[in-house]
Amino acid sequence: MKKIENIFIWTSIIFLIGIVGFFSYRFIHYYRLSHNRDVISNDLYEIILDNRAILNLRKVDNSYYYTENNGNNYVIYSGILWRIIKLENNKLTLISDVPVTNLYYDDVLDYLNNEFYNLLDNRLIVDTETCINSDEKNECIEKYTNKVLLLSLDNYDIVGGINSYINNGYFTYLMSNLYVNDSGKISDINGNDLYGIKPVITINSTDILNGSGTKNNPYILDRAVTNLKDALIGSYVSFSNKTFRIMENNDYAKLILDDVIPYELSISKYENSNLYNYLNDNFYNSLDMDNLITSGWYSGHFDNDYSEIQKEKINCNVVIANIGDMFINDQNNYILMSTPRLLETMYVIKNNGIIYEENNLKDFGVRPVFKIKNDLKITGDGTKNSPYIVGENNEDKN
């Protein structure tokens, strides 16, 4: 009888040890899994979804939205700083943090899905579907799908409307012939204004290379490159000890200064001004001239028709930013190149994404634009905090 009791006791002890060991292993395994997710997976969608409670994401149907003034939704993709709007089915919908350019509303969707889309690294981009018409119960009765869109009114409301991160001081378009002013109020478009464009895209989730999602440390999805010709538009470049941004990159790189140079300009065509002489002499001589390209630039008048700008051309090394150029909203209070036909005013960019006409240019500067060879070595990651640094010419190395 004693022997049977001992067997039962030892069997029970072994069983209890086994149970404790099994559940201890499971506890340690899942604890490590949940607390080291960033080591196991760098997928952006999974990282955000794992932290949705901390990030205070709002769930609507099958989507999770960043709302109000959430400051952890910054991401650099295709050389542009975006804000993440929502997550759904392993995809992320993004809106640019600031407008990429200014256009008339009727030209926007064509521009976004042709010219702008083709400037992007679009391998991750998928169609975005949005509602453009709702009934009295706020149920969508008409949808629109394309590669690049504007923000819809319903998504504007979901993310927090006037109190959301969408409103950061710009006049920008929404879908359905609407715009948001610099304080977040929505109004109908009258067709005569040149407001800012914040593109909206949807991308398949991918691994992040760096970053934590804040403005000073955004999630980075772009891989660094070593040649300027492979750099994405929107990337920042350090050239001749100044910082520029890439506006175009095909047979050459077109750069715009990431700053405003003070210059008291009188009302005149650019090619007839003292500014023309200053930029193509003093400023030009401050650059690495061996890599600059003399080029033709559109310089026609602008009176509500973009085709008019292309009817005149000048040849020189340096010009200033023009209507329709990329990234003209990156800086404030500077003069644009094309002028109204009557030459009584000049077009300027202020600080809210609108192109104005001004006759008092005392407080406005200029942003130089030029083209350089792109067969150049670069280092850095192309961000504002770590711009590409232009090195030697690749051909000279061979």
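This report walks through strands, a helix, two loop residues and the empty spaces of the structure above, which is a predicted model.

**Strand β4 and its neighbours**

Let's start with strand β4, which covers residues 80-88. Most of β4 is covered up, with seven of its nine residues buried. Three other strands are joined to β4 by bridges, and the table lists them one by one.

| Strand joined to β4 | Bridges | Direction | One bridge pair |
|---|---|---|---|
| β2 (residues 63-65) | two | antiparallel | Tyr 64 with Leu 87 |
| β3 (residues 74-77) | four | antiparallel | Tyr 74 with Arg 83 |
| β5 (residues 91-96) | six | antiparallel | Ile 84 with Leu 94 |

Two of these pairings are hairpins. β3 and β4 make one, with two residues between the strands, and Ser 78 there takes a positive phi near 55°. β4 and β5 make a hairpin as well, again with two residues between them, and Asn 89 in that turn has a positive phi of about 50°. As background, most residues other than glycine have a negative phi.

Over in strand β5 sits Leu 92. Is Leu 92 buried or exposed? Its relative accessible area is 1%, and the cut-off for buried is under 20%, so Leu 92 counts as buried. Leu 92 also has a partner from far along the chain: Ile 203 is 111 residues away in sequence, yet the C-alpha atoms of the two are separated by 5.4 Å.

**Two asparagines in loops**

Positive phi turns up in a couple of loops too. Asn 177 has a phi of about 60° although it is not a glycine, and it lies in the loop between β10 and β11. With 42% relative accessibility, Asn 177 is partly exposed, because that value falls between the 20% and 50% cut-offs.

Asn 241 is the other one to look at. Its phi is positive, at about 65°, and Asn 241 is not a glycine either. You'll find Asn 241 in the loop between β16 (236-239) and β17 (242-249). How does Asn 241 stand in terms of accessible area, buried or exposed? Its relative accessible area is 80%, so Asn 241 is exposed, the cut-off being over 50%.

**Helix α7**

Helix α7 runs over residues 274-285, twelve residues in total. At 1.5 Å a residue it should span 16 Å, and its end C-alpha atoms are 16 Å apart, so the expected span and the model agree.

Which residues of α7 are buried? They are Leu 275, Leu 279, Asn 280, Phe 283 and Tyr 284. These residues cover an arc of only 125° around the axis, so they sit on the same side of α7. The spacing behind that is a general one: an α-helix has 3.6 residues a turn, so residues three or four places apart point the same way.

**Pockets and a cavity**

Now for the empty space. Rolling a probe the size of a water molecule over the atoms shows where such space is left.

The largest pocket has a volume of about 1000 Å³. It is lined by 47 residues, and the closest to its centre are Ile 76, Gly 79, Ile 80, Leu 81 and Tyr 236. Strands β3 and β4 come back here, since each supplies at least two residues of this lining. By class, the lining of the largest pocket divides into 20 nonpolar, 13 polar and 14 charged residues.

The second largest pocket comes to about 720 Å³. Of its 28 lining residues, Glu 115, Gln 310, Ile 323, Gly 324 and Asp 325 lie nearest the centre. Several elements each supply at least two residues of the lining, including β17, β21 (295-298) and α8 (306-309). The largest share is five residues, and it comes from α5. This lining has 15 nonpolar, five polar and eight charged residues.

There is also one cavity of 30 Å³ or more, and about 30 Å³ of space lies in the largest cavity. Its lining consists of Ile 95, Leu 151, Ile 166, Thr 172, Tyr 173, Leu 174 and Lys 198. Strand β10 (residues 172-174) gives the largest share of that lining, with three residues. Sorted by class, the lining of the largest cavity has five nonpolar, one polar and one charged residues.

Conventions:
Residues numbered from 1 in each chain as written. Predicted model: local features only at pLDDT ≥ 70, side-chain atom pairs only at ≥ 80, totals over all residues. Heavy atoms only, no water. 1 Å grid on protein atoms, 1.4 Å probe; cavity = no way out; pocket = protein on both sides within 12 Å on 5 of 7 lines; lining within 4 Å. Points joined across faces, edges and corners; volume = space filled by probe spheres on them. Nonpolar A, V, L, I, M, F, W, Y, C, P; charged D, E, K, R; others polar. Expected span 1.5 Å × (residues − 1). Buried < 20%, exposed > 50% of the residue type's maximum accessible area, 1.4 Å probe, protein only. Arc of directions from axis to C-beta. Pairing = 2+ DSSP bridges.
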